[in-house]
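Hi,

Here is the structure I said I would pass along. Have a look at it first, and then read my notes underneath.

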Amino acid sequence: MPRTIFIAALCLSLGMLTISGVRADESCLPPLPDRLGFGGAFAGVSGGALIVAGGTNFPEVVWGEGKKAWHDEIFVLEPGKERWQRGFKLPQPAAYGVSITTEFGLICVGGSDSQRAYRSVHLLEWTAGRIEITRLPDLPGPRTAAAGALLNGVIYIAGGQTGSAELEVTRTFWRLTLPKKREGQPVRWDNLEWKTLPECPGPPRGQAVAAAQEGDFYLFSGWELVPGPEDRPTRKYLNDAYRFDPKRQSWEPVAAVPCPAVAAAPAIACGESHILVFGGFDGAGADRVDELKARWPGFRRQILAYHTITNTWAEMGAVPVGLVTTNAVRWQGRIVIPGGAVRPRIRTNCVYQVEPHRPKPAFGLINGTVLGLYLLALVCMGVYFSRREKSTADFFVGGRRVPWWAAGISIFGTQLSSISFMAIPAKVYDTDWVYFASMCCVVLIQPIVVFFYLPFFRRLNIISAYEYLEKRFSVAVRLFGSASFILFQAGRMTIVLFLPALALAAVTGIDIYLCIVVMGVLATLYTALGGSEAVIWTDVLQVFVLVGGALVSMVIILMNVDGGLSAVVEIGRADGKFNLANWGWDYTLPVLWVIVVGSLFQNLVSYTADQAVIQRYLTTPDEKSAARAIWTNAVLVIPISAIWFVLGSALYAFYKTHPGLLDPTLKTDQTFPLFIAGELPVGIVGLVIAGLFAASMSTLDSSLNSISTALVTDFYRRFRPAAGDRKCLNLARCLTVILGLGATLTALWMAANQDKIRSLWDMYMAVLGLLMGSLAG
């Protein structure tokens, strides 16, 4: 039973319609201001308003042939308004063209009237309460009943009829690259030109379904014309499907539509990897419309979801009434379907709202108890080690009494964040094993650290890695290095709190603010109490919980895939999911040399310039023990990384065989949390969620302790050398609390302003990446 239910709000006299027992939470949109409605109309968004233009209907008859009327009126609905605005017209009556919503407005491509198909392309802009129409470059040839989509600023138009009558359909494929919109500068449309691309594969077709997703253009279904009785062209409905890769300029077949056809259906991309197709028509019973009249079964009502990663189809609910020759438009955070044909020669003026909705499973008492016991254990460890923190040497480097194996596990745990715990399986699920080479590079860096860096750090008897910079260069260089590290870790703390909480809230229903507060406050508490010893020993526990959760998840996946491990391997092999290297010299692609070189330098930064890691080197009794800790980390990296990669491949096999369990609204990085919340047994869910908390908190506690170390050692003690050790210890604890609360509050702010943070974070990381790279140098 699919987990995703689609809720549609209908503009009917009986008000809100309840589907699958779930009620839409918003009032219906006003119907189009024409009692008959329209089929084949253009639809899209401009200036924040919904626009519907042109279309056809049959004003004189319900059953029988009737005469089709072609319209040129434009209707506009602004957000929050209860009436459509009218009084605007297209240059000519038109329908069955392609509608493309862009940052400039609604672009209407081609179409036809009763006599001809059009080459014309128009831009409709809603500005200052009126419609402005701009003529864009004409198509290379007249087209109606074509399919199209916008992908990365490029309009693609596929197939279609050459005339108004169904006499000839084509396989043509054209593109128009739109100009970049620059603030305060007029847009030049006169220098644009349509380009011809490789023809669509398969038969020539009309009324196909198209959408853009994950950087590719997809073409589904439609119909071709074949000789019929008396050699008259007759429709033959298609269920084939294809993907066009703009980078390679090539087509390839994808999984066929799992029904006879979905011709003329509205479709739209959803989330990061789904395409939703609403209804459609397969030609069944078309010759019995006049005979059956109201008993005619109608068009398809099923909502099909195509998943681009697993190349699978799944049925995910149904619309209340079958619709064709209309558009699916994203407006005001919802998918809107304005009008369309509900039966041959019968239109509707209803404007449907569709919202993907997946009920979130309750976390439950048992899962909450398991998670609570784990978090309580962390706090108890902090209280226990607080009794041993008598000096700054205890608080910063554990009195140099930490066993080498614990320090090694802690190094591994510090480098493995909750983001990695979710992102590595998700990356493998999405792509393949090419990034496994980056894990191997960690091992290659370890000898350099052991033989060249470690002797310096140990023999200088330092607490902060950046003390060496003053000895080698100057105090200014030391302060620059320490400040760069502090800024980087401060930002990292916020992210490792925010992103896991975001994923957990999306799939489990646990409040995002509660997740952030629990992780932030508890990690701050045990770090402030127990110092680096509490950090290291909780890291040890957290690594075991993390790996245990991943192994349990993998076993349950294998139990739920028919054929178990052999099936996972076979599915992955057949789909190329175990590819270990991409060969080539293109530095913009994840080819082997790019991954290896990039990973070597990235790990060089982490293991030689990151105080959070270097501090672990200084917690063991001597240099030999520190070297063993580093080798322990190297030994752990490959097998545990292999667990994450196998888990990603297992997730791929599971969702390829169970595509209906996917949630189209979630991001790819949330796939593992989705599996945890939806498929694991009660109690095990609590354990694996504890693993996610563990991954986040192991990074957070390391950052808190290392930042307080850098602040006290590189700034306070550097300029107040006479300050007593007890005073410095108290300052370190106070700084830990302040930093932890600051990270928690910032993560809460990010949760409340999710739509504003992406660009700011990208800029922040770009600047700090430059600083950390120079610091490693």
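Below is what I found, going through the helices and then the strands.

One thing up front: this is a predicted model, so please read everything here in that light.

Let's start with a pair of helices. Two packed helices are described by the angle between their axes and the distance between the axes. For helix α9 (residues 512–560) and helix α15 (residues 684–719), the axes come within 4 Å and cross at roughly 140°. An angle over 145 degrees would count as roughly antiparallel, and the crossing at roughly 140° makes α9 oblique to α15. As for handedness, the crossing of α9 past α15 is left-handed. If you sort the residues in the contact of α9 with α15 by class, you get 22 nonpolar, 14 polar and 2 charged.

Next is helix α4, which covers residues 404–415. From the first C-alpha to the last, the 12 residues of α4 reach 17 Å, close to the 16 Å expected at 1.5 Å a residue. Is α4 enclosed or not? Largely enclosed by the rest of the structure, because 9 of its 12 residues are buried. The buried residues of α4 are Ala406, Ala407, Gly408, Ile409, Ser410, Ile411, Phe412, Gly413 and Thr414.

One more helix before the sheets: α12, which spans residues 611–617 and includes Tyr617. Tyr617 has 1% relative accessibility and therefore counts as buried. If you want a long-range pair to look up, take Tyr617 and Val450: they are 167 residues apart along the chain, while their C-alpha atoms are separated by 9.8 Å.

Now the strands. There is an open sheet of 4 strands with antiparallel pairing, in the order β6-β7-β8-β9. At the edges sit β6 (98–101) and β9 (130–136), each of which pairs on one side only. From one strand to the next, the twist averages 25°.

Within that sheet, I looked at how β8 and β9 go together. Strand β8 (residues 121–127) pairs with β9 in the antiparallel sense, over 7 bridges. Two positions show the register: Glu125 is opposite Glu132 in β9, and Thr127 is opposite Arg130 in β9. The hairpin of β8 and β9 has 2 residues between the strands, and Ala128 takes a positive phi near 55° there.

The other strand I would pick out is β15 (residues 216–220), where 5 of 5 residues are buried. In a regular strand the side chains alternate between the two faces of the sheet. Both faces of β15 are covered, with Asp216, Tyr218 and Phe220 buried on one side and Phe217 and Leu219 buried on the other.

What does β15 pair with? One partner is strand β14 (residues 209–213), antiparallel to β15 over 5 bridges. Another is strand β18 (residues 241–245), also in the antiparallel sense, over 4 bridges. Phe217 is a handy residue to centre your view on: Ala212 stands opposite Phe217 in the pairing of β14 with β15, and in β18 the bridge partner of Phe217 is Phe244. The hairpin of β14 and β15 has 2 residues between the strands, and in this hairpin Glu214 takes a positive phi near 55°.

That's what I have for now. Shout if anything looks odd on your side.

Cheers

Notes. Residues are numbered from 1 along each chain as its sequence is written. This is a predicted model: local features need pLDDT of at least 70, side-chain atom pairs count only at pLDDT 80 or more; totals for chains, interfaces and linings use all residues. Side-chain values use heavy atoms; hydrogens and water are left out. Axes are lines fitted to C-alpha atoms, for helices over the stretch in contact, and angles run from 0 to 180 degrees between N-to-C directions. Angles under 35 degrees count as roughly parallel, over 145 as roughly antiparallel, 65 to 115 as roughly perpendicular and the rest as oblique. A crossing is left-handed if the near helix is turned anticlockwise from the far one by less than a right angle, and right-handed if clockwise. Ala, Val, Leu, Ile, Met, Phe, Trp, Tyr, Cys and Pro count as nonpolar, Asp, Glu, Lys and Arg as charged, and the others, Gly among them, as polar. Two strands pair if DSSP finds at least two bridges between them. The expected span of a helix is 1.5 Å times one less than its number of residues. Buried means under 20% relative accessible area, exposed over 50%, partly exposed in between (1.4 Å probe, protein chains only).
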